[in-house]
Amino acid sequence: MNEIERAISDIFEEYGEEVRETVNAIAEEVAEETVNELKKTSPARKESGGGKYRRSWKKIGEKSLNGNSTFTVFNTRYRLTHLLENGHLTRDGRTRTQGIKHIAPAEEKAVESFLRKVEEKL
């Protein structure tokens, strides 16, 4: 009976590792897709050929001790993200710019894409 328990345990460990690798690969793929999406949909200054904010989207990955990977999508010009997403007061202090929603839709799309891909692969 002890051999059967070990065999079953080995099968579950092997399956668990395969699932972890698959989910980690999907997470990295979705993070890269999100970076590309944000680079396309982020606002850019029309005059002076801007686009520094748009080009500044990056992803960084971390692997935990248990083997799970987490990815963070961020903008290196992070001071602008809240202002552009939600709008802000202009220099005169009276008028307000309208926010350009680009982060929230990309986040929703990433969550949907991740869940769909995980369901397809597993």
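**Exercises on helix H4 and two pockets**

Ser113 is buried, with a relative accessible area of 6%, where buried means under 20% relative accessible area and exposed over 50%, with a 1.4 Å probe and protein chains only. The model is predicted, and local features need pLDDT of at least 70, side-chain atom pairs pLDDT 80 or more, while totals for chains, interfaces and linings use all residues. Residues are numbered from 1 along each chain as its sequence is written, and side-chain values use heavy atoms, leaving out hydrogens and water.

**Exercise 1.** Determine in which helix Ser113 lies and which residues Ser113 touches.

*Solution.*
- Step 1: Ser113 belongs to helix H4; helices are DSSP runs of H or I with at least four residues, strands are runs of E with at least two, and both are numbered from the N terminus.
- Step 2: Leaving aside residues up to four places away in sequence, Ser113 touches Val30 and Glu33, contact being heavy atoms within 4.5 Å.

**Exercise 2.** Describe the span of H4 and the distribution of its buried and exposed residues.

*Solution.*
- Step 1: H4 (residues 103-121) has 19 residues and reaches 27 Å from its first C-alpha to its last, close to the 27 Å expected; the expected span is 1.5 Å times one less than the number of residues.
- Step 2: Ala106, Ala110, Ser113, Lys117 and Val118 are buried in H4. They are on the same side of H4 because they cover an arc of only 125° around the axis, taken from the directions from the helix axis to the C-beta atoms.
- Step 3: An α-helix has 3.6 residues a turn, so residues three or four places apart point the same way.
- Step 4: Glu108, Glu112 and Glu119 are exposed on the other side of H4.
- Step 5: The buried residues of H4 pack against helix H1 (2-41).

**Exercise 3.** State the volume of the second largest pocket, and characterise its lining by elements and residue class.

*Solution.*
- Step 1: The second largest pocket has a volume of about 370 Å³.
- Step 2: Of its 19 lining residues, Thr34, Phe71, Val73, Glu107 and Ala110 lie nearest the centre. H1, strand S2 (69-75) and H4 each give two or more residues to this lining.
- Step 3: The lining divides into 13 nonpolar, five polar and one charged. Ala, Val, Leu, Ile, Met, Phe, Trp, Tyr, Cys and Pro count as nonpolar, Asp, Glu, Lys and Arg as charged, and the others, Gly among them, as polar.
- Step 4: A pocket is an open set of points on a 1 Å grid over the protein atoms alone, where a 1.4 Å probe fits, with protein on both sides within 12 Å along at least five of seven lines; lining residues have an atom within 4 Å of a point. Grid points are joined across faces, edges and corners, and the volume is the space filled by probe spheres set on the points.
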